[in-house]
Amino acid sequence: MGRAILTLLWKDLRVELRTKEILTTMMVLALLILVILNVAMGQNVVTVKLAASGVLWVVFTFAATLGLSRVFLVEKERGQLSGILLAPMDRSAIFLGKMIGSTILVLLVEAVALPVFVVLFNFPLGGRVGPLLLPLFLGTVGFIAVETLFSAISAQTRLREILLPLLAFPVAMPALVGAVGATAKVLDGLPLQSAAPELQLLVAFDILFVAIGLVVFEYVVEEE
Amino acid sequence: MVQEDRRAVEARGVKKAFGRTWALRGVDLEVRPGEYLALLGPNGSGKTTLLRILATLIRPTEGNIRIFGRDPRREGEECRRLLGFVGHDSFLYGSLSVSENLHFYARLFGLPDIPARTRQVLEALGLERRAHDLVRTLSRGLQQRVAIARALLHDPILLLLDEPFTGLDAQASRSLGELLASLRQEGRAIIMATHNLNEGLEACDRAVILLDGRVARVMEGPEIRGERLREAFLATLES
């Protein structure tokens, strides 16, 4: 299974490196949302401090949703998904390969969007960068696990891109609440330990949804 | 080549519904190892659906399938190891080269010595000089050859081909016909779906005509050669 996951990951990243279809789209949307929110909120220190965590997660989740709506759809439309399904392997490897690939792409978007946020909103992070990485990573993994599963489901339907956010956001709400809460505490300058309840929620959510994805993915991708 | 002492394909009462539309209404079919079967029928007769069911890509609504005695529902991975499928789509990635595509699929199949196997398949299909070309830069005919190379990578003993001659020029069609004949000589079972009676049928052992999701006629021997096949096909459509 590890070999299949690495093979799928290699292929996804190689294709993305050449086409830059998903990464460019996500990156542009992330920067646009940051600029719009910056114009709307201005440089009021109190407002920015209150909303910073929400701003970041709106940027990350919207960009991720836009990118992930294409993850299965393109391969489904071009018939390539059938080629992968013909391989004699555990089909949950496809879920993990896609999930890890998407997580890498979204983390890259976050790595660019975060410094832009700092500059635009005049919100220096100082020593909070390190502690911030944990809620960002755990929140991203949970959200991407949900989105990967629902991206595969929505690719089988006529509504496709429209269906993904409608399905994924309500289901991912516990992860988002946890991620926004933990990020807010870190940005407020509180120690990471104070965000333990949110981080525990995120870890539980991540394990649960990766497990659900592994179990149900075979039935999701096989045509009825 | 591994030859197994079982039927290559056994389908019993296979039905498939998409919503309220029945694509297959009860198909019984047997294919022997090493047999070359042509699946004929007009558009919408159920050829593609039957091939995709045999390829384990879709589940039948009713009925049973066996691939070399194995049940795809319980032994899907084993079945997929035994079969190669060439569909309407090439299953190839346009932004990867021919060689990269074949390496990708070879790795998914867990093949040993991938560079040697890839080289061997590329040579067999006359694609050595195109190995480093991006697939999107190839003509339809060349892409079809790469798709066949992909399907042959793991040396399957059952080949499922859905309209493989579509879009090929005369020379490419002739090459593909020769290739299919040689694959049959090697002992592989082949099921080829087509609505074109002019190509690829010379080496066939048997022809099955599908109409409205049912087997309307089975022909073999002299019946499937030349004009007699065309006449039988038209008579079946009109009946």
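## Overall form of chain A

With 224 residues, chain A would be expected to have a radius of gyration near 17 Å if it were a compact globule, and its value of 18 Å agrees with that expectation. The model is a predicted one, and in it the C-alpha atoms of chain A fill a box of roughly 55 × 35 × 30 Å along the principal axes. Chain A contains nine helices and zero strands, so that its pattern, read along the sequence, is α-α-α-α-α-α-α-α-α.

Of the 224 residues of chain A, 52% count as buried, and the chain exposes about 9,500 Å², of which carbon and sulfur atoms supply 74%. When contacts in chain A between residues at least 6 apart in sequence are considered, 82% of them join residues that are at least 24 apart.

## Confidence in the two chains

Chain A has a mean pLDDT of 91, with 99% of its residues reaching 70 or more. Among its elements, the lowest mean pLDDT, 84, belongs to helix H4 (residues 73-77) of chain A, while the highest, 94, belongs to helix H6 (residues 92-120) of chain A.

For chain B the average pLDDT is 89, and 98% of the residues score at least 70. Among the elements of chain B, helix H3 (residues 98-108) has the highest mean pLDDT, at 96, and helix H7 (residues 226-238) the lowest, at 81.

## The sheet of chain B

Chain B holds an open sheet of six strands, which follow one another in the order S5-S6-S7-S3-S8-S9 with mixed pairing. Strand S5 (83-86) and strand S9 (214-220) of chain B stand at the edges with a single partner strand each, and therefore one side of each is left without a neighbour in the sheet. From one strand to the next, the twist averages 15°.

Strand S6 (residues 158-162) and strand S7 (residues 189-194) of chain B run parallel and are joined by five bridges, with Leu160(B) standing opposite Ile191(B) in S7(B). Helix H6 (residues 170-185) of chain B lies across strand S3 (36-40), S6 and S7 of chain B, and it runs at about 150° to S7(B).

## Strand S8 and its two partners

S8(B) is mostly covered, since five of its six residues are buried, that is, under 20% relative accessible area. On one pairing, S3(B) and S8(B) are parallel and share four bridges; on the other, S8(B) and S9(B) are antiparallel and share six bridges. Arg206(B) has Glu220(B) as its bridge partner in S9(B).

The pairing with S3(B) can be followed through Ala38(B), which lies in strand S3 of chain B and has Ala207(B) as its bridge partner in S8(B). Ala38(B) counts as buried because its relative accessibility is 0%. Leaving aside neighbours within four places in sequence, Ala38(B) is in contact with Met192(B), Leu201(B), Cys204(B), Arg206(B), Ala207(B) and Val208(B). Between Ala38(B) and Arg174(B), which are 136 residues apart in sequence, the distance from C-alpha to C-alpha is 17 Å.

## Two aspartates with positive phi

S8(B) and S9(B) form a hairpin with two residues between them, and Asp212(B), in the turn, has a positive phi of about 50°. Asp212(B) thus belongs to the loop between strand S8 (206-211) and S9 of chain B, and because its relative accessible area is 55%, Asp212(B) is exposed.

A positive phi is also found at Asp155(B), where the angle is near 55° in a residue other than glycine. Asp155(B) lies in the loop between helix H5 (140-152) and S6 of chain B, and at 36% relative accessibility Asp155(B) counts as partly exposed, because that class covers what lies between buried, under 20%, and exposed, over 50%.

Notes. Residues are numbered from 1 along each chain as its sequence is written. Chains are lettered from A and ligands numbered from 1 in the order in which they are written. This is a predicted model: local features need pLDDT of at least 70, side-chain atom pairs count only at pLDDT 80 or more; totals for chains, interfaces and linings use all residues. Side-chain values use heavy atoms; hydrogens and water are left out. Two strands pair if DSSP finds at least two bridges between them. Axes are lines fitted to C-alpha atoms, for helices over the stretch in contact, and angles run from 0 to 180 degrees between N-to-C directions. Contact means heavy atoms within 4.5 Å. pLDDT is the predictor's confidence in each residue, from 0 to 100. The radius of gyration is taken over C-alpha atoms; the globule rule is 2.2 Å times the number of residues to the power 0.38. Buried means under 20% relative accessible area, exposed over 50%, partly exposed in between (1.4 Å probe, protein chains only). Accessible areas come from the Shrake-Rupley method with a 1.4 Å probe; for residues, only the protein chains shown count as cover.
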